[in-house]
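Please work through the following exercises with the sequence and the model at hand. Each task is followed by a solution in steps.

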Amino acid sequence: MNNSILILSTLISVTLAASVVTIKQVVDKSTSELETTLNDADFESNLHERYDLQQLGIKVKDDPTIGNYSEGDILLESPKKFVEENNKLGRNAIRQMYRRWPNGEIPYTLSSQYGSYARSVIANAMNEYHTKTCVKFVARDPARHHDYLWIHPDDGCYSLVGKTGGKQPVSLDSGCIQVGTIVHELMHAVGFFHEQSRQDRDAYIDVVWQNVMNGADDQFEKYNLNVISHLDEPYDYASIMHYGPYAFSGSGKKTLVPKKLYRRIISTVTRETSSEG
């Protein structure tokens, strides 16, 4: 009898936990859109339980950063042209002083259309920077900050690269409210391009061009060393800025695969990690 009560109690607790988050606690487009900032409660949420947005009826792509913009999520007509015209980049990151955020501080405002769950996920993503890097996201002070990020639920996931000036948009719609996706978009805003844009990428990966959807070849641009320096950093397959293996696939088959040598290395590391676990 006691076991039955315990099982019933557990099931009720799980059911209640699963119903805690509603769509409006992610994004509520019926709310008037104002510029707000995160508060202490948002940052204090440890998100011990993250929710499956699809169970709330929110459409989430396999890779939310692969959208309808340049290279999927960069709000530029031509990233290649941008790079060539701004001929001072480093490790896929902008080196130009006027495109850097002063003192590693990035002022931001946040749309009031984000609900409590989305706010806590965005805060969690910012905390990844606060705890692991020298970059700090700070609430915008209009008296001090002319240049700042405006994070809002527009259309998909997108960002500009580096500081562009004024009220700079970062879009995180309801399908983007995942820590990894947000960190990726904020990396663009900090000043980073995609990892597979490196000049040496062909030594590490193959682009399977026959699997790339028609008209998407330019989504796989790479930049020469006269505009990008790798700063002796190794190619990073695990970078959060790397395309997934099926990026811009028109056939459902992989568009990016590691070179044969590196496939063996990755496979060996995976087996060793599994056996240790």
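## Exercise 1: Aromatic pairs

The count of aromatic pairs comes to seven, where rings of Phe, Tyr and Trp (its six-membered ring) pair if their centres lie within 6.5 Å, and planes under 30 degrees apart count as stacked, over 60 as edge-to-face and the rest as tilted. The model is a predicted one, in which local features need pLDDT of at least 70 and side-chain atom pairs count only at pLDDT 80 or more, while totals for chains, interfaces and linings use all residues. Residues are numbered from 1 along each chain as its sequence is written, and side-chain values use heavy atoms, with hydrogens and water left out.

Task: classify the pair of Tyr235 and Tyr237, then the pair of Tyr243 and Phe248.

Solution.

Step 1. The ring centres of Tyr235 and Tyr237 are 5.4 Å apart and the angle between the planes is 70°, an edge-to-face pair.

Step 2. The planes of Tyr243 and Phe248 meet at 55° with the centres 5.8 Å apart, so this pair is tilted.

Step 3. For burial, the classes are buried (under 20% relative accessible area), exposed (over 50%) and partly exposed (in between), with a 1.4 Å probe and protein chains only. Tyr235 is buried at 8% relative accessibility, whereas Tyr237 is partly exposed at 26%. Tyr243 and Phe248 are both buried.

Step 4. Ring pairs also join Tyr243 and Phe248 with Trp209 and Phe220 in a cluster.

## Exercise 2: The disulfide

Task: determine which cysteines form the disulfide, and state where they lie in the chain.

Solution.

Step 1. A disulfide is a pair of cysteine sulfur atoms within 2.5 Å. One is found in a search of the whole structure: Cys157 is joined to Cys176, with an S to S distance of 2.0 Å.

Step 2. Helices (H or I, at least four residues) and strands (E, at least two) are DSSP runs, numbered from the N terminus. Cys157 belongs to strand 7 (residues 157-159), while Cys176 is in the loop between strand 8 (167-172) and helix 5 (179-190); the pair links distant parts of the chain, 19 residues apart.

Step 3. The torsion about the S-S bond is -100°, and the link is left-handed.

Step 4. Cys157 and Cys176 are both buried. By contrast, Cys134 is exposed, at a relative accessible area of 66%.

## Exercise 3: The surroundings of strand 8

Task: state which strands pair with strand 8, and in which sense.

Solution.

Step 1. Two strands pair if DSSP finds at least two bridges between them.

Step 2. Strand 6 (residues 148-152) runs parallel to strand 8, and five bridges join the two. Within this pairing, Tyr148 has Lys167 of strand 8 as its bridge partner.

Step 3. Strand 7 pairs with strand 8 in the antiparallel sense, over three bridges. Here Ser159 stands opposite Val170.

Step 4. Five of the six residues of strand 8 are buried, which leaves the strand mostly covered.

## Exercise 4: Salt bridges

Task: place three salt bridges in the chain, namely those of Glu128 with Lys132, Lys163 with Asp147 and Asp206 with Lys259.

Solution.

Step 1. Side chains of opposite charge can pair when their charged atoms come close. The criterion is a side-chain nitrogen of Lys or Arg within 4 Å of a carboxyl oxygen of Asp or Glu, and the structure holds nine such salt bridges.

Step 2. Glu128 and Lys132 meet at 2.8 Å, N to O. They are four residues apart in helix 4 (residues 116-132), which means a separation of about one helical turn. Glu128 is partly exposed at 29%, and Lys132 is exposed at 63%.

Step 3. Lys163 and Asp147 have their closest N and O atoms 3.6 Å apart. Lys163 is in the loop between strand 7 and strand 8 and Asp147 in the loop between strand 5 (136-139) and strand 6, so the pair ties together parts 16 residues apart in sequence. Lys163 is buried at 12%, whereas Asp147 is partly exposed at 21%.

Step 4. For Asp206 and Lys259 the closest N and O atoms are 2.6 Å apart. Asp206 lies in strand 9 (residues 205-207) and Lys259 in the loop between strand 11 (256-258) and helix 6 (260-276), so parts 53 residues apart in sequence are tied together.

Step 5. In addition, salt bridges link Glu195, Arg198 and Asp200 in a network.
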